[in-house]
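Q: Hi, I have a model open and could use some company while I go through it. Could you walk me through what has been computed for it?

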Amino acid sequence: MHPAPSVILFTVLSGLGFGFMAYLSLGLLLVQGGWAFVAWGLAYALAVGGLLASTTHLGNPQRALRAFTQWRSSWLSREAWAAVATLLLLAPVALGDWVGFGLPYFWRLIGGALALATVFCTSMIYTQIKAVPRWHHWLTPVLFMGFALAGGALLGLQGGFATLLLVILAGILAAAFAVGDKQFARAGASMESATGLGAIGSVSVFEQPHTGENYLLREMIFTVGRKHAAKLRVIAVICAALIPAALALMGGLTLTLLALIVHLAGAFAARWLFFAEAEHVVGLYYGKR
Amino acid sequence: MTCLPGHTEKKLGLAIDLDTCVGCHACVTACKGWNDQGYGVPLSDQDAYGADPSGVFLNRVHGYQVQPDTGGAAQTINFPRSCLHCEDAPCVTVCPTGASYKRVEDGIVLVNEDACIGCGLCAWACPYGAREMDADAGVMKKCTLCVDRIYNENLPEEDREPACVRTCPTGARHFGDFNDPTSKVSKLTAARGGFDLMPEMGTKPTNKYLPPRPKDQRQEASLLAPLLDIEAKGFAGWLDRILGKI
């Protein structure tokens with residue numbers, strides 16, 4: 001799949017933003033006054049910034065409001081609802097932390113749960129797609145939730161707990177890579193099943209249907225840059241999880257900031273791989289993956 | 001609503017005969033021609049006369065070589081690929097805006113372009129690459145089964161079928177109702193063992209493909225065999241005998 005920068009930005013930033021929001025909302029990081037403004041401001045900037053980035057890949061973003069209509073069937077629509085509900089519900093909480101008034105804890109509880117539900121909806125947009133076997137696995141939501149919870153804990157100055165979650169994230173990433181590599185074969189789709197000609201014999205491409213590029217080749221049959229995949233995997237695990245895990249244990253604002261930058265770099269590498277390594281079954285028709 | 005209808009009155013679709021398709025791409029051209037002026041925005045091209053042309057097509061003809069496992073000659077098979085109007089269409093349910101829908105009356109899967117935000121998720125969900133985003137209009141394009149032809153009373157009756165079917169010079173494409181067991185497409189599918197593409201994806205496609213008939217056995221003897229045992233007669237025969245004795 002084509003790793004569109006807008007979608008990578010969206011999933012990484014929003015995931016981190018909503019994850020951090022959950023910690024703020026649940027009161028796991030207690031902030032007041034000016035620090036509340038900074039913390040909540042950062043969470044909102046990440047979440048909203050990511051959502052705005054996602055609209056830039058739309059062909060007709062002026063109709064984006066219509067995406068709220070199909071919550072009964074579409075995970076993308078559910079995500080839109082969850083995101084807006086979270087942002088609205090937590091706005092008074094953020095204001096309260098800053099200005100200094102309290103809201104009942106169940107309000108914060110619902111807000112925190114919704115923030116995590118948003119990340120879950122995002123992950124389900126990818127998980128539901130059967131035609132991309134690498135994504136169609138329960139590890140995909142686990143991976144997205146892992147990033148949100150570990151990244152949120154890092155920003156939420158959770159110290160040892162952040163370290164624990166980041167180490168778990170390293171494990172999830174490694175598992176997702178290992179399982180993902182076997183998913184295409186497990187899905188059972190082949191050139192023989194795609195063409196239905198397997199009963200005759202083994203199928204290969206004799207002639208492509210068109211000489212130039214098209215939407216399918218650009219969007220779904222992305223093969224550029226996979227040669228560095230193995231190196232990028234190591235970079236993703238080390239930068240997104242292991243280095244920040246060590247830094248989180250040491251604590252301190254400067255180190256946390258450094259950990260955040262390293263974590264983001266690793267998260268971007270991991271998310272780039274998430275798309276670039278995902279093979280769509282339509283590639284079988286072109287004899288490419 | 002992008003929930004799928006549980007049942008459709010008709011199941012309109014195509015039966016595509018891989019035995020008779022000669023790979024002439026006439027269906028591709030006819031489809032592009034009709035859909036440049038009919039339903040929705042025209043199918044745009046980018047850099048059409050330049051070095052890197054690209055454009056939207058709703059039908060593509062692949063060419064495959066199939067090597068029998070038992071040995072023998074490989075077969076070349078022309079393979080048109082377009083929307084299969086699946087019963088369990090994953091492209092419909094993922095749509096966040098309700099632009100994608102499956103019609104209850106005839107099962108055709110369509111896109112309401114006025115509601116499409118161009119997110120591309122439906123194209124991701126389709127295993128068959130049936131949907132292509134229009135780079136000019138930013139909306140998703142797909143086969144409409146020529147919904148603006150098949151019910152169009154302004155057209156002569158013989159033209160009320162999809163453009164690809166109407167144009168096919170070898171009659172490799174058949175249009176009809178798969179819900180009706182007496183329809184041409186149902187009978188053809190039953191008689192020829194029509195099959196689904198990628199059944200493991202669970203999409204229950206409406207369109208069926210008819211398999212190529214078994215190929216004749218390869219001739220092991222020389223192609224000149226009929227000429228090798230010609231017995232010369234008359235003058236040529238006499239000459240043959242005389243020359244043979246020298």
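Q: Let's begin with contacts. Among contacts in chain A between residues at least 6 apart in sequence, what share joins residues at least 24 apart?
A: That share is 76%, where a contact means heavy atoms within 4.5 Å.

Q: And in chain B, what is the share for residues at least 24 apart?
A: For chain B it is 59%, again among contacts between residues at least 6 apart in sequence.

Q: Good. What should I keep in mind about the model and the numbering?
A: This is a predicted model, so local features need pLDDT of at least 70 and side-chain atom pairs count only at pLDDT 80 or more, while totals for chains, interfaces and linings use all residues. Residues are numbered from 1 along each chain as its sequence is written, chains are lettered from A and ligands numbered from 1 in the order in which they are written, and side-chain values use heavy atoms, with hydrogens and water left out.

Q: Thanks! How many helices and strands does chain A have?
A: Chain A has 10 helices and 1 strand. Both are DSSP runs numbered from the N terminus: helices are H or I with at least four residues, and strands are E with at least two. Along the sequence the pattern reads α-α-α-α-α-α-α-β-α-α-α.

Q: And how many in chain B?
A: Chain B has 8 helices and 11 strands.

Q: What about the radius of gyration of chain A?
A: Chain A has 21 Å, which agrees with the value near 19 Å for a compact globule of 289 residues. The radius is taken over C-alpha atoms, and the globule rule is 2.2 Å times the number of residues to the power 0.38. The C-alpha atoms of chain A fill a box of roughly 75 × 40 × 30 Å along the principal axes.

Q: How does chain B do on that rule, with its 246 residues?
A: A compact globule of 246 residues would come out near 18 Å, but chain B has 25 Å. The box for its C-alpha atoms is roughly 95 × 50 × 40 Å, taken along the principal axes.

Q: Does chain A come with domains, and which residues do they cover?
A: Domain 1 is 1-128 and domain 2 is 158-289 in chain A, with bounds from an automatic or database domain assignment. Their centres, taken over C-alpha atoms, are separated by 24 Å. Between them, 15 residues of domain 1 are in contact with 20 residues of domain 2.

Q: Switching to burial: what percentage of chain A is buried?
A: Of the 289 residues in chain A, 55% are buried. Buried means under 20% relative accessible area, exposed means over 50%, and partly exposed is in between, with a 1.4 Å probe and protein chains only. In chain B, 52% of the 246 residues count as buried.

Q: How much of the accessible surface belongs to carbon and sulfur atoms in chain A?
A: It is 73% of about 12000 Å² for chain A, and 54% of about 11600 Å² for chain B. Those areas come from the Shrake-Rupley method with a 1.4 Å probe; for residues, only the protein chains shown count as cover.

Q: Now single residues. Is Pro244(A) buried or exposed?
A: Pro244(A) counts as buried, at 0% relative accessibility. Pro244(A) lies in helix H9 (residues 229-250) of chain A. Leaving aside neighbours within four places in sequence, its contacts include Leu154(A), Leu166(A) and His263(A).

Q: And which residues does Gly129(B) touch?
A: Not counting residues up to four places away in sequence, Gly129(B) touches Leu216(A), Val282(A) and Arg81(B). Gly129(B) sits in the loop between helix H3 (121-125) and strand S8 (132-133) of chain B, and is buried, with a relative accessible area of 4%.

Q: Last one: what is the phi of Asp47(B)?
A: Asp47(B) has a positive phi of about 55°, although it is not a glycine. At 42% relative accessibility, Asp47(B) counts as partly exposed. Leu145(B), also not a glycine, has a positive phi near 55°, but Leu145(B) is buried, with a relative accessible area of 1%.
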